[in-house]
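Visitor: I am in my first year and would like a close look at one part of this protein. Could you take me through its salt bridges slowly?

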Amino acid sequence: KAEVIKQFFQLLRPLVASDKIVINETINIYSKNTMKHYKNKTKDELNDTSVTYKQLISLLKDKRVTDIDYILFYILINYGVRNLDLIINLQEQNDDENYMLVNAKSIRYVRNNYKTFNQYGTKKISIKNPRFVSIIKRLVGEKKQYLFGKYDETNMSNYINTRFNHYLKTDNRVGEGLIYKLVLQHYSCKNDTKKLISLADSRPHSIAVQTECYE
């Protein structure tokens, strides 16, 4: 969006004096207003929802939760990824896709297709949770192509909501954004700086963006 502002002023250059100053001031105003908007949106969303962090984390111990749902819940609750990150190829390792590599006692979750890739590049997470490792190994052996299906972002959002509400039975929509905010709220209340930094890295975005927009 900042780039669009720059292009807009390029079109107006003949009419604008000191265009570089005007562009920078406009971008700064836009950035501040954007941060304020998302800060207020986070507060409203957390105030309006009946879903709690305790409910989310309980799903990882709930015996009713199927293997595929466990994988979905584990990734979202522990790493705060977005919808696009969950389109995961289990059979091929392409530089433009997200995929998982099976090791003896761990799974390497590799992301090449996510919102902030151009800024942060390929992201890798090593997951050693025994149930997680066992499930992925089985699915790879069964030749399952895409872990949750090859959805677009909107359909992935609907899929996440459907799976969480299957167990939580809530009227609230449960998406990756709400999950991330609830998890951040939990660790922020505990003053767990190490975990907050880890979540910013795994999403990924800067600590500044996390603090201004999500906490």
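Guide: What follows is a walk through some of the salt bridges, pair by pair. Please keep in mind that this is a predicted model, in which the structure holds eight salt bridges.

A good place to begin is Arg111, which forms a salt bridge with Asp85, the closest N and O atoms being 2.7 Å apart. This pair links distant parts of the chain, since Arg111 sits in strand β3 (residues 107–111) while Asp85 belongs to the loop between α4 (67–79) and β1 (88–89), and 26 residues separate the two. Arg111 counts as buried because its relative accessible area is 0%, and buried means under 20%. Asp85 is likewise buried, with a relative accessible area of 0%.

Turning to another pair, we find Asp62 in a salt bridge with Arg64, where the closest N and O atoms are again 2.7 Å apart. Here the two partners fall into separate classes of exposure: Asp62 is buried, having a relative accessible area of 17%, whereas Arg64 is exposed, having a relative accessible area of 51%. The value for Arg64 earns that label because exposed means over 50%.

Finally, consider Glu142, which forms a salt bridge with Arg138, their closest N and O atoms lying 3.1 Å apart. Arg138 is partly exposed, with a relative accessible area of 35%. This pair does not stand alone, for salt bridges that share partners join Asp67, Arg131, Arg138 and Glu142 into one network.

Terms used
Residues numbered from 1 in each chain as written. Predicted model: local features only at pLDDT ≥ 70, side-chain atom pairs only at ≥ 80, totals over all residues. Heavy atoms only, no water. Salt bridge = Lys/Arg side-chain N within 4 Å of Asp/Glu carboxyl O. Buried < 20%, exposed > 50% of the residue type's maximum accessible area, 1.4 Å probe, protein only. Helix = DSSP H or I, 4+ residues; strand = E, 2+ residues; numbered from the N terminus.
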